[in-house]
There are 6 protein chains.
Amino acid sequence: MRILLANPNATAAITDTCAALARAVASRGADIVPWTNAGGPAVVDSFYNDYLAGAALCRGLSALDARPDAIVLAGFGNYGTAAVKEMLDLPVLNMAEAAMACAVPLCHRFAIVTTSPRMIAYTEDVVQTFGFAARCVTVRAVSLPPIDGPAPSDDEVVQRLAAETERAHASAGADLVILGGSRLSPYAAALRRRTSLTVVEPVACSVTLAEAFVRTGLAQSKVGKFAPPPGFASP
Amino acid sequence: MRILLANPNATAAITDTCAALARAVASRGADIVPWTNAGGPAVVDSFYNDYLAGAALCRGLSALDARPDAIVLAGFGNYGTAAVKEMLDLPVLNMAEAAMACAVPLCHRFAIVTTSPRMIAYTEDVVQTFGFAARCVTVRAVSLPPIDGPAPSDDEVVQRLAAETERAHASAGADLVILGGSRLSPYAAALRRRTSLTVVEPVACSVTLAEAFVRTGLAQSKVGKFAPPPGFASP
Amino acid sequence: MRILLANPNATAAITDTCAALARAVASRGADIVPWTNAGGPAVVDSFYNDYLAGAALCRGLSALDARPDAIVLAGFGNYGTAAVKEMLDLPVLNMAEAAMACAVPLCHRFAIVTTSPRMIAYTEDVVQTFGFAARCVTVRAVSLPPIDGPAPSDDEVVQRLAAETERAHASAGADLVILGGSRLSPYAAALRRRTSLTVVEPVACSVTLAEAFVRTGLAQSKVGKFAPPPGFASP
Amino acid sequence: MRILLANPNATAAITDTCAALARAVASRGADIVPWTNAGGPAVVDSFYNDYLAGAALCRGLSALDARPDAIVLAGFGNYGTAAVKEMLDLPVLNMAEAAMACAVPLCHRFAIVTTSPRMIAYTEDVVQTFGFAARCVTVRAVSLPPIDGPAPSDDEVVQRLAAETERAHASAGADLVILGGSRLSPYAAALRRRTSLTVVEPVACSVTLAEAFVRTGLAQSKVGKFAPPPGFASP
Amino acid sequence: MRILLANPNATAAITDTCAALARAVASRGADIVPWTNAGGPAVVDSFYNDYLAGAALCRGLSALDARPDAIVLAGFGNYGTAAVKEMLDLPVLNMAEAAMACAVPLCHRFAIVTTSPRMIAYTEDVVQTFGFAARCVTVRAVSLPPIDGPAPSDDEVVQRLAAETERAHASAGADLVILGGSRLSPYAAALRRRTSLTVVEPVACSVTLAEAFVRTGLAQSKVGKFAPPPGFASP
Amino acid sequence: MRILLANPNATAAITDTCAALARAVASRGADIVPWTNAGGPAVVDSFYNDYLAGAALCRGLSALDARPDAIVLAGFGNYGTAAVKEMLDLPVLNMAEAAMACAVPLCHRFAIVTTSPRMIAYTEDVVQTFGFAARCVTVRAVSLPPIDGPAPSDDEVVQRLAAETERAHASAGADLVILGGSRLSPYAAALRRRTSLTVVEPVACSVTLAEAFVRTGLAQSKVGKFAPPPGFASP
């Protein structure tokens, strides 16, 4: 089974990190094939970059050499997810929706922590678009520096994540937290040591859920919303 | 990896059928351990039997000989799911919530077909309780005879399921259908040959999702809703 | 008119307290018949005990010697309320839904104070299940000790209730508070002396509303959700 | 106990009919005091007449000779209900909200049948304003002639009501119907003979619920929404 | 083009202020015709005065000498808006709904600041009635003195408005604020100098939107909710 | 005042048609500057083309020669609207949100008719994203041929629009219809002759509302969701 792990931004280092997280949970027979959206922006940090990323993603994924068994879109956002589901007739799974789908049975109310205050509104729209607003009780943010800026120490990031997690619990009643950005995924293990809330790391969720779809023969329905675009020649 | 497949009703034949469906999708390393709720009713066909099933289920699952890695509750209902999540600190997944969690990324709006008209209200409550009302566009029913009555022919059941699926599509815009009862699960393959909508079969969804939880180390959060019951000695 | 006041837990002292509250508001012709769920848990303080209570309640109420004119379920929770409504063709009223039904015309937004922080999520589910989420603005908790532990002084409990009531008003805009547990009902009178918010005590609400149902000839509809369970012989 | 039964329109014949329905269910000690809104319109059949009725109602009820123990507003609409609750510090209960509060514990989903197609939107707003939209599944209408027109035969009205009730059940899943207009209340008994759905007649509900409020000492909260109007001298 | 600017209260000074704000934004060809609801209360500061204002407004506007091209109802409330829309077949626009309609495309979530704490619940009902609850994240209040009391200094009012605006942003995530009362409209310009949030002043919104309706030939639909009241002779 | 009328697709004929509709309602001082998204697809008929259109639109609008006073995005969809609002600090108004903002005060419930059945789900998402789901009662479709196919006669299109409008009224209670596609806008006048429902044509709404924004000095809030993208040099 081949699962294409498509990073919607152009930063190969993030792709690599996500691929490592994916391989750590993939079952024996599942090959993780990393793919970077070379035509996209360095990071999806705005609606503007969401659209640039999405258009490049559509173009890139319609020109794949080999057909995988499933595609995981490894960014915590929208960036044309429905467009990719339209284009392709193999299972396409966005890691944000996978994380939220997994979170629902595991909690009463979940929180999302995103990478910067300006992404809170964006993330709230993602939650609404993907249909999970009834259970998401708050979206909060740490403040990662720009992707090409000086990196904060791991400890500092984890401390901030733990602080926001605690606030989500104390002030909004969240009992589970989702890491809302691929740049945050590497901190999941360390965050788990600092909080008693369940921590959902979206790469792992989406890869294992994509496997589940392949094994059960499920893919997005093609009879309505995700029917092929008119005139589009499926690759 | 051992996954306990717990049938909330007392009908061993249904357990067997579900176990077969489960094994067909489980990965190599996953053992499916069937378990029948011997103290429960023959079928969960009312709120009354929901409560009798749930109480027996709680008692039964607190006295397991060996600790599995995860438990799948293989009935399309509620029957004390939150109680089992409270009692245990290993992943517990109800097949109704697993099916809906899987359905959301695969469709615009889903329908559920249940086993009798009297279960429509019950099922609407299940959808609401598990947090998926925003995407469930209609609950419809076929009319299976009582579990100890004469069985209709497979063809007749599939024809009814196909008819309700078509109505859910035409009148409510559903593009995916969930089989809302373990007695309906065996008809999934045949129904897929009769409809172009995506058909979600909950046993397969829940088993593969439970595997995903085990592999990613996720379980229900124990810091709030699902904290152990006061005074309860975890088995 | 005979109104059975059914305490869903097995603690007879709570039944007695509720019966006293009930008799204080019942009209001349209404007999309050106390009934304790001897087969249930000592208190409904978890989903686990909710299911044990509910199953015992169903069994107990299906074996009543004499048919009352109405049944009040005197616990602030779910514990199989829909199952009892299915079983019986006389008016069945849960004191939580009665309290919320009465609260709606009396306020802009109501709060509920429950008996322990772990019951907040449980109570939020009860509010949702019974259909009153649009008006319930917050669920808060005092921390009663276990039912067999040392009792706090009345004054201490009332002080905590008053403090949570004040917080519900100041931080969430509640103008009415519902006492969300039969163990809290006895403090209603004292709490009213400490707050200007309207205080709803559920036992009194449910008994007077049950009388109203008897006098107007109303009972739960038997044509859908609450139709008799298949094969169930109505007592 | 004196319950003022205030008809928001100026048609004394409707007041009389409502008073008869009220007395049929009132308990021994409850006096029903009929009151007609002489300054209001003949019927509340539009938003326009809703406002004229409400302003006259406010003026009329602020000049009562004797203070009753509770006031029932016996029209199925809004017509300044919140204004009356502000003005007075005794329990004020609108029969539409009383009917819906009673309906919720008795059904899965309720329907309302109103007196003319043009009142459907008006009634939907009433349902929303009073906080019961989550459970009201449809508003339908019969077509009563103008109040000063030739009256249809009783049989014809009941037949129409039964037909709309059946449609609400078959097409929208309602299992209970509320008669949404005081002109419809007299047909409740006859309608019950024609349908298996529970029929809620609002006058009876509101009178018995008002009694319940008096007996339990409840009235609308005066700390927020229903605080006395600035400068208003309470009568 | 003649736009009648109808102040629902009887205070001519407020009418004058609103007219000045209206003229400042009206296009060349648009005449602003101020109109004061002489039969109404001095200010709409309660549900009680809302109904008195609305009834007088209906009577007043049904007796206009000359037919304007559109009517703007220049009060931030309800006061019979639907009744006026029923009565007339020219565009009728309430400044609260105009302000919210304009706010939605300009923000993620908006706040409203009203004139006194007791108007918060009233204003929340207005938001719900006019259909904008999904985007209104909080209603807050300053405390203007009674209309015939000593006026606070402009600076003091603006400072309070700025403080509440800041709280709406910091605690609830609002990025736009609507001034929720005609007495607050004159402070819009000064408030804009104190906050970086977008400030929506309803008089300007409603006048320019009314112009838009006239130019595009739009008016409220007369086929349902706003059909003429039965027996009403359109002026 | 210069209003840029930006067609998100690449079909200049549609731009021309929209410009004509815009000029017919623009006030004397408002110049309509048509702009075609030359880098976009011929039509936005899928999520796929939505993303291609949006990315091209962002690039195109960031390279305008002259700064207009406002921008109207003249397509009934999403196609990066939030991205354009982020990029620019002048008022940006999508014609779908303008149409819905205008519709709310004019009706009880509105319907949208879109250009093909496959766009129903897409349009429902647009309604949700823009915040108007509470008032949109149904989305229906006519079936326009592909943009490069043989055009149906005007009469045929109008007849289909009238038929869907009638269905939206009869089956869902809509009292206003919005034409949900720029290809449908030219039929507004003819449709109005065939239906008594109010017909909202989005180009006219958005142009006049954009004028209103310019005249009142309003633009999207730049303090949250629509803050400039990080590192983006505003043009």
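These are my notebook entries on a predicted model, going from one chain to its strands, its core and the pairs of copies.

**Ground rules.** I work on a predicted model, so local features need pLDDT of at least 70 and side-chain atom pairs pLDDT 80 or more, while totals for chains, interfaces and linings use all residues. Residues count from 1 along each chain as its sequence is written, chains are lettered from A and ligands numbered from 1 in the order written, and side-chain values use heavy atoms, with hydrogens and water left out.

**Chain A overall.** I looked up the secondary structure and got 8 helices and 8 strands in chain A. Here helices (H or I, at least four residues) and strands (E, at least two) are DSSP runs, numbered from the N terminus. The C-alpha atoms fill a box of roughly 50 × 35 × 35 Å along the principal axes. Next I checked the radius of gyration, taken over C-alpha atoms, against the globule rule of 2.2 Å times the number of residues to the power 0.38. Chain A has 17 Å, which agrees with the value near 18 Å for a compact globule of 235 residues. Of those 235 residues, 64% are buried, meaning under 20% relative accessible area with a 1.4 Å probe and protein chains only; exposed is over 50%, and partly exposed is in between. I also looked at contacts (heavy atoms within 4.5 Å). Among those in chain A between residues at least 6 apart in sequence, 71% join residues at least 24 apart.

**Strand E1 of chain B.** I picked E1(B), residues 2-7, and found 5 of its 6 residues buried. Strands pair if DSSP finds at least two bridges between them. E1(B) runs parallel to E2(B), residues 31-36, with 6 bridges, and Leu4(B) has Val33(B) as its bridge partner there. Between these two strands the chain passes through helix H1(B), residues 12-25, in a right-handed β-α-β crossover. Right-handed means that, with the strands pointing away from the viewer, the path from the first strand over the helix to the second runs clockwise. E1(B) is also joined to E3(B), residues 70-73, by 4 bridges, again parallel; Leu5(B) is partnered with Val72(B).

**The core.** A nonpolar core is a set of buried Ala, Val, Leu, Ile, Met, Phe, Trp, Tyr and Cys residues joined through side-chain atoms within 4.5 Å. The largest has 432 residues, and Phe110 of chains A, B, C, D, E and F touch the most other members. I listed the neighbours of Phe110(C) beyond four places in sequence, and they include Met100(C), Phe132(C), Arg135(C), Leu176(C) and Ile178(C). Another core of 17 residues lies apart from the largest, with Val142(E) and Leu179(E) among its members.

**Pairs of copies.** I superposed copies by least squares on C-alpha atoms of residues with pLDDT of at least 70 in both. Chain C goes onto chain D by a turn of 180° and a shift of 0.0 Å, RMSD 0.0 Å, which means a two-fold axis. In chain C, the C-alpha nearest that axis belongs to Ala101(C), at 2.4 Å. The same surface serves both copies, as 100% of the contact residues of chain C recur in chain D. I then tried chains that might not touch: no contact joins chains A and D, with closest C-alpha atoms 14 Å apart.
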